[in-house]
Amino acid sequence: MSLYLGIDVSTQGVKCIVIDTENGRIAAESNVNFGKDLPHYNSPDGFLHNENSLICHANPLMWVDGLELALERLQATQINMEEIRGISGSGQQHGTVYLASEIQSYKDDKKLSEQLRNIFSRSTSPIWMDRSTKDICDELNKHFGSQLITKTGSPAIERFSGPQIRAFYERNPNEYHNTEKIHLVSSFMASVLCGKNVGIDYGDGAGMNLLNLNTLNWDKELVEFTAPNLAEKLPEIMPSNSIVGKLDKYFCRFGFKAGIPIVIWSGDNPNSLIGTGCFERGVAAISLGTSDTFFMPMDKFHTDPYGYGHIFGNPAGGFMSLICFSNGSLAREKIRNLHKVDWHYFDTTAMKESTPGNNGKLMLPYFSAESTPVILQPRVVRNYDKATSAEEIRAILESQILSMRFHSEWIGENINRIRLTGGASSSPAIQQIVADVFNAEVEIIQVSNSAGLGSALRCAAAIDNIALPTLASHFCKSEKVASPRIGAHKIYKDLLKKYQELELNFMNLS
Ligand code: XUL
């Protein structure tokens, strides 16, 4: 058997997925939820509560404990861990981890989190939901103007790592100077597995406002301006198929063969591009998770005039476009709780008791700070006074998808096939609205953990030279679940204009 392990360290938990490339099947999976399984970290949704809603941090030791527990659970499944030929992984993007010293070789008799406890120069990590760097972004955008976009694919963005690093330097200069290495979540977790510092891949590195996409190297000017001596603190930037080290012998306790290769980790979105099989042109993907994301491959990069869309590296080569909508599942859940209904109600009664277009009822569901468009003070806006539960549910679903349509227009591609992934992708209501709004065929893939799967596929490709399209033909099989309806599409074409007006007016007033 040829087994490869992909590990997904996401906002809410750690998931392992083992693929068997000889038999084209998923051999085993395991799952850890930070809130449920590691309650002592006080992070029910995977991050620490903060009085200031703009600040959002997580404890990196929670990710390390999550990793160990997920591996323990994987070992308890039927697979023979010794047969795993290599490991790669996926990290929530943009989050930064600050180390005061090198990761040293581990002792055998202590848990990893205990051994790593004193290694950090900053005990918590700002994650992608942190919005506390607006002043820094304004300064960076003013200083570099449109250069930031043409170099890095995005203007300065609050959650991106560069502005976060500059904020740390300005607000905690002593701790910044005590920092030896600054990792992304992906490169930190890969370093933990290797027992030494390893690099960042182009896919995830592009979400930092520090990588020059024209040269695929750290941009000297940007790095120097962001913080002093930053060049020395950044890990090496490398292609997404690099083998960065060997598994530290500490991990043999989980049944692994000593020293198996570790393939560079990447961000959850670049990995999902691979795991959904959308890395070749012609099909876009929508991932419906804590955040909703819209992404597709791009040969030559061009950028979003509004500055909301981003360009990351496509691990299969070239680039990808990415638009992140922070109010994804958690916003849908807020509406579900408000109306005291279950998810089944969304797909049945709510759809039967309302009609496409919802008589123009729309909602801007900014229950928490939003990335697209940038909203720092959470606020929910409705363009109606009264609505039934069914109409409210339709309003949030249609508005979320219309927002995706609006904010993906700059990509300029004719999108006629969309693959859905993530928890909410199994919802027939969402599937049909996506088909009708985009006038596209909608498909789902069997595996819901596309980020973990993508990293396992990259691992097999890098270690044993198996072509990604061959792997995708086995592991990313899709099923058509909805087709566009002419009448409904026409209604949404008109509603799109109304949605744009509502959002732009709101943005102008706020
Ligand atoms: C993308 C983004 C999120 C995170 C967490 O820019 O911020 O999608 O990667 O999933």
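**Figure 1. Polar contacts between Ser291, Arg159, Asp268 and the ligand in a predicted model.** A polar side-chain atom of Ser291 is 3.4 Å from an oxygen atom of the ligand. A polar contact here is a pair of N or O atoms within 3.5 Å. For Arg159, a polar side-chain atom lies 2.8 Å from a ligand oxygen atom. An N or O atom in the side chain of Asp268 is 2.4 Å from an oxygen atom of the ligand. Taken alone, the ligand exposes 290 Å², and the protein buries 96% of that (Shrake-Rupley method, 1.4 Å probe). In this predicted model, local features need pLDDT of at least 70 and side-chain atom pairs count only at pLDDT 80 or more, while totals for chains, interfaces and linings use all residues. Residues are numbered from 1 along each chain as its sequence is written, and side-chain values use heavy atoms, with hydrogens and water left out.

**Figure 2. The shell around the ligand.** The residues that surround the ligand (a heavy atom within 4 Å) include Gln93, His94, Trp128, Asn269, Thr293, Leu322 and Cys324. Two elements, α12 (268-275) and β19 (319-325), give two or more residues to this shell; helices (H or I, at least four residues) and strands (E, at least two) are DSSP runs, numbered from the N terminus. Domain 1 (3-264) and domain 2 (268-445 + 477-510) each supply at least three residues of the shell, with domain bounds from an automatic or database assignment.

**Figure 3. The loop that holds Pro373.** Pro373 lies between β20 (363-366) and β21 (379-382). The peptide bond from Thr372 to Pro373 is cis, with omega near -5°. Most peptide bonds are trans.

**Figure 4. The loop that holds Leu216.** This loop runs between β10 (211-212) and β11 (217-218). Leu216 has a positive phi, near 55°.

Terms used
A polar contact is a pair of N or O atoms within 3.5 Å; within protein, one must be able to donate a hydrogen and the other to accept it, and residues adjacent in sequence count only if both atoms are side-chain atoms.
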